[in-house]
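Good morning, everyone. Please bring up the model on your screens, and I'll walk you through it.

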Amino acid sequence: FAKQHRRGGTVVFSAEHATQLRKVALVEQELRQADLDSEMSLAFQPIVDTTQRRIVAFEALARWHNPTLGMVDPATFIDIAERCGLINLLTEVLLRKALAFARACPPDIRIAFNLSTLDITSKGALARIIGITQTSGVAPHRIDFEVTETAIINDFDQAREALYALKALGVQISLDDFGTGFSSLSRVHQLPLDKIKIDRSFVTNIEAGQHGRAIVRSIANLCVNLNVACVVEGVETQAQLGILRSLGCDLMQGYFFQRPVSADQALGLLENGIAAFAPAPAESAPAA
Ligand code: C2E
Ligand code: MG
Ligand code: MG
Ligand code: MG
């Protein structure tokens, strides 16, 4: 069963690789049998406007709890779903859940939903996504569909056409993980984008020095010039927040503000606000 690696003509069997392959096969087998509607859920992570100090949107993030495997990491099961032909069905199940959550939110809160490449390059899948969105009762202007740069590069013309079809619904389009896919700027310019999400790998470098900051500043400037909004992903510290503000970034998402939470907890955050924006307790306040 173990895959053979060829290195300089020598066949190498790696025990580690074999274990990995067995794990993938096991996950795939469970995924094929899974009751997607009951096993799949969404976690919601706030996207905040740091100038208004409030939540403006939630990104819906897939979570899979399988009775045999326990929790499976989304990077793992999304990839496997794409490779075994289950992604379109999974997307439909998750989109219905995301839109149900959007209906439970106040109308000024947006919902961001991740689409896979294969969701937009399949005409049938795209048509079903459009149908689900149109009949959801959620105003389309509240919805962001997130697509990654790599998704667009692989099949540019078809992806662009699909994005225009989605845009025609009145939804907004976000380019996710920006900066990781090496897409040419002339191509980015041809897409009907409303938002660019700066990948969190760039945030990690902004405290190290001028170079990391220069990159984020250039992307932020690019967004201004393209007339699209800019969201920074993966903000983990107060220091990063401060630097990003000085670079002209207002919309942010990351553990510093809030980790992804359940639908109920997310609605609670709208009621109570998030801790990162709570006013600092007065020094003279009596101890509770
Ligand atoms: P993404 O769309 O870029 O989502 C952001 C990921 O970064 C999430 O991981 C989130 O939990 C994580 N994150 C947010 N803030 C921070 C932070 O401050 N620090 C760190 N270290 N991480 C942070 P998650 O939930 O594990 O999702 C991973 C990826 O899986 C997503 O990346 C997305 O590409 C994919 N994915 C998740 N849900 C779906 C889905 O419903 N459909 C599709 N097609 N892909 C999905
Ligand atoms: Mg995303
Ligand atoms: Mg992202
Ligand atoms: Mg990312």
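Let's start inside, with a single residue. At 11% relative accessibility, Glu233 counts as buried. The cut-off for buried is under 20%. Keep Glu233 in mind, as we'll come back to it.

A word on what you are looking at. This is a predicted model. How confident is the predictor in the protein, on average? The average pLDDT is 92, and 93% of the residues score at least 70. For the complex, the ipTM is 0.98 and the pTM is 0.93. One general caution: where pLDDT is low, the coordinates should not be read in detail.

Now the overall build. The protein has 13 helices and eleven strands. Its radius of gyration is 21 Å, close to the 19 Å from the globule rule for 288 residues, so the protein is as compact as a globular protein of that length. Along the principal axes, the C-alpha atoms fill a box of roughly 70 × 50 × 50 Å. Of the 288 residues, 47% are buried.

On to the metals. Take the magnesium ion (ligand 2) to begin with. Which residues coordinate it? They are Glu59, Asn114, Glu146 and Asp176, at 2.0 to 2.2 Å. Glu59 and Glu146 use OE atoms, Asn114 uses OD1, and Asp176 uses OD. Along the chain, these donors follow the spacing E-x54-N-x31-E-x29-D. Glu146 sits in strand β7, residues 143–148, and Asp176 sits in strand β8. That pair is 30 residues apart and links distant parts of the chain. Are these two buried or exposed? Glu146 is buried, with a relative accessible area of 1%. Asp176 is buried as well, at 5%.

Next, the magnesium ion (ligand 3). Its donors come from Asp176 (OD), Asp177 (OD) and Glu233, with Glu233 (OE) listed twice. The distances run from 1.8 to 2.8 Å. In sequence, the donor residues are spaced D-D-x55-E. Asp176 is a bridge here: it coordinates both ligand 3 and ligand 2. Those two magnesium ions are 3.6 Å apart.

Then the magnesium ion (ligand 4). What are its protein donors? They are Asp177 (OD) and Glu233 (OE), 2.2 to 2.8 Å from the ion. Asp177 lies in strand β8, residues 172–178, while Glu233 lies in the loop between β10 (229–232) and α12 (238–246), so the pair ties together parts that are 56 residues apart in sequence. Asp177 is a bridge too, joining ligand 4 and ligand 3. These two ions lie 3.0 Å apart. Asp177 is partly exposed, at 24% relative accessibility. Glu233, as I said, is buried at 11%.

Beside the metals, look at ligand 1. How many residues are around it? There are 21, and those that come nearest are Ala62, Arg63, Asp176, Glu236 and Tyr255. You have met Asp176 already, as a donor to ligand 2. Now the polar contacts. A polar side-chain atom of Gln45 is 3.0 Å from a nitrogen atom of ligand 1. Glu59 places a polar side-chain atom 3.1 Å from an oxygen atom of ligand 1. For Asn114, a polar side-chain atom is 3.0 Å from an oxygen atom of the ligand. On its own, ligand 1 has 810 Å² of accessible area, and the protein covers 84% of it. Glu59 and Asn114 are also among the donors of ligand 2.

Three last stops, away from the ligands as a topic.

Arg53 is in the loop between β3 (40–49) and β4 (54–66). Its phi is near 55°, a positive value in a residue other than glycine. Arg53 is partly exposed, at 45% relative accessibility.

Asn227 also has a positive phi, near 60°. Where is Asn227 found? Look in the loop between α11 (210–226) and β10. Asn227 is exposed, with a relative accessible area of 69%; the cut-off for exposed is over 50%.

Finally, Arg187 belongs to helix α9, residues 185–189. It is partly exposed at 38%. Arg187 and Ile152 are 35 residues apart in sequence, and their C-alpha atoms are 9.3 Å apart in space.

To wrap up, go back to the two bridges. Asp176 joins ligand 3 and ligand 2, and Asp177 joins ligand 4 and ligand 3. Thank you.

Methods: Residues are numbered from 1 along each chain as its sequence is written. Chains are lettered from A and ligands numbered from 1 in the order in which they are written. This is a predicted model: local features need pLDDT of at least 70, side-chain atom pairs count only at pLDDT 80 or more; totals for chains, interfaces and linings use all residues. Side-chain values use heavy atoms; hydrogens and water are left out. Donors are N, O and S atoms within 2.8 Å of the metal (3.2 Å for Na, K and Ca); water is not among the atoms, so sites may look incomplete. Helices (H or I, at least four residues) and strands (E, at least two) are DSSP runs, numbered from the N terminus. Buried means under 20% relative accessible area, exposed over 50%, partly exposed in between (1.4 Å probe, protein chains only). pLDDT is the predictor's confidence in each residue, from 0 to 100. A residue is near a molecule or strand if one of its heavy atoms lies within 4 Å of it. A polar contact is a pair of N or O atoms within 3.5 Å; within protein, one must be able to donate a hydrogen and the other to accept it, and residues adjacent in sequence count only if both atoms are side-chain atoms. Accessible areas come from the Shrake-Rupley method with a 1.4 Å probe; for residues, only the protein chains shown count as cover. The radius of gyration is taken over C-alpha atoms; the globule rule is 2.2 Å times the number of residues to the power 0.38.
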